[in-house]
Amino acid sequence: MDTGPINQLFTQLSVFFPKFIGAISILLIGWVISRTVGKILSKVLATIGVDRLAEMFQDIDLVQRAGGMRAQVSSVLAKGVYYMLMLIFIIAATEVLGVAAITQLFTDLMNYLPSLLTAAVVLMIGIFVADLIQGAVLALCQSLGIASAKMIASIVFYFIFVTIAVSALAQAKINTEFISSNLTAIIGAVALAFAFGYGLASRDLIANYLAGYYNKNKIRVGDDVRVIGVRGKVVMI
C-alpha cells in the first residue's frame, strides 16, 4: 500500500495549520483592538463636539432634500478608523497564510483609502463653501431688489457644487475627463441661455437701475421735473 499521498497531505496540513491558527489569532486580536479604539475615539469625538458638523449640514438645502444626515459624525469617523485598522490586521493575516493575491488586493485597497478620504473632505468643504456663497449671493440680490434672487443663488450653489464634486471624483482617482469636457459645454450653454433670457425679461428693470444710478446726484426728492411733456414733483427715488 502506497502511503506517499497520505503522508504528503499530512505534511501540508502540518505546515498550513499553524499558519491558519496564526492568521485567526491576528484577526481576533485585531478585532478587539479595532473595536476598542473605535469606541474610545467615538466618545472622544462626541465629547469635543464633532457632531455639531452634522447640525451645520442639516441647514443646507441639498442635504435636507437628500433626507438629512441621520448618522452622527463621531460614529462615522470611529467606524472608518475601525475598518482601517481591521484592514491592516487582515493584510497581516493574509501574509501569514502566504496568500499573495489576497494580500495584494487588500494592500491596494489600503493604498486607495487616503485618496478616498481626501475626496470626501474636499466634497464636504465644497458643500460648505457653496452654501456660504449661496447665502451671500441671495443677500446681495435681495438687497438690490432682484425678484429672482433665490433662483440665482440656487444656480450659483449648484454650479459650485458640481464643479467641486468633479474635483472630488478626480481626487478619488476616477477618470473625469469625459464629465469635465461635457460639463463645461452644458454649463456654458445654460449660463448663456439664462443670461439671454433673464436679460430680455428684466431689461426694463435694468434700465431703471441704470437711470437711477446716473441721475442720483441730479434729481432729489421734492424737485420739479418734466419728462416727455409731463410735469410733476419727485416724491420718491
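Start by selecting Gly 145, which lies just after helix H5 and takes a positive phi of about 75 degrees. The model on the screen is a predicted one.

**The whole protein**

Zoom out before going further. The protein has 8 helices and 2 strands. Followed from the N terminus, the helices come before the strands, in the order α-α-α-α-α-α-α-α-β-β. Of the 237 residues, 20% are buried. Switch on the surface: about 16700 Å² is exposed, and carbon and sulfur atoms supply 70% of that area. If you display contacts with a separation of 6 or more, 57% of them join residues 24 or more positions apart.

**Helix H5**

Now select residues 100–143, which form helix H5. How far apart are the end C-alpha atoms of H5? They are 65 Å apart, and this agrees with the 64 Å that 44 residues should span at 1.5 Å a residue.

Next, go to Tyr 112. A kink of about 30 degrees lies there in H5, shortly before the proline Pro 114.

Then colour the buried residues of H5. They are Thr 103, Met 110, Ser 115, Ala 119, Gly 126, Ile 127, Ala 130, Gln 134, Val 137 and Cys 141.

**Ser 115**

Pick Ser 115 from that set; its place is in helix H5. Is Ser 115 buried or exposed? Its relative accessibility is 11%, and buried means under 20%, so Ser 115 counts as buried. To see what is around it, show the residues in contact with Ser 115, leaving aside its neighbours within four places in sequence: Gln 171, Ala 172 and Lys 173.

**The largest nonpolar core**

Select Val 137, Cys 141, Ala 149, Ile 152 and Ala 153 together. These 5 residues make up the largest nonpolar core. Helix H5 and helix H6, which covers residues 149–171, each supply at least two residues of this core. Helix H6 gives the most, with 3 residues. In soluble globular proteins, nonpolar side chains tend to be buried together.

**The aromatic cluster**

Stay with helix H6 and select Phe 157 and Phe 161, which both lie in it. Add Tyr 158 to the selection: Phe 157, Tyr 158 and Phe 161 form one aromatic cluster. The protein has a count of 3 aromatic pairs. One of them is Phe 157 with Tyr 158, an edge-to-face pair with 5.2 Å centre to centre and 85 degrees between the planes. Another is Phe 157 with Phe 161, a stacked pair with 6.3 Å centre to centre and 5 degrees between the planes. Why are Phe 157 and Phe 161 separated by about one helical turn? They are 4 residues apart in helix H6, and that is why the separation is about one turn.

Finally, check how far each ring residue of the cluster is covered:

- Phe 157 is buried, because its relative accessible area is 2%.
- Phe 161 counts as buried too, at 18% relative accessibility.
- Tyr 158 counts as partly exposed, at 30% relative accessibility.

How values were computed: Residues are numbered from 1 along each chain as its sequence is written. This is a predicted model: local features need pLDDT of at least 70, side-chain atom pairs count only at pLDDT 80 or more; totals for chains, interfaces and linings use all residues. Side-chain values use heavy atoms; hydrogens and water are left out. A nonpolar core is a set of buried Ala, Val, Leu, Ile, Met, Phe, Trp, Tyr and Cys residues joined through side-chain atoms within 4.5 Å. Buried means under 20% relative accessible area, exposed over 50%, partly exposed in between (1.4 Å probe, protein chains only). The expected span of a helix is 1.5 Å times one less than its number of residues. The bend at a residue is the angle between axes fitted to the seven residues ending there and the seven starting there. Contact means heavy atoms within 4.5 Å. Accessible areas come from the Shrake-Rupley method with a 1.4 Å probe; for residues, only the protein chains shown count as cover. Rings of Phe, Tyr and Trp (its six-membered ring) pair if their centres lie within 6.5 Å; planes under 30 degrees apart count as stacked, over 60 as edge-to-face and the rest as tilted.
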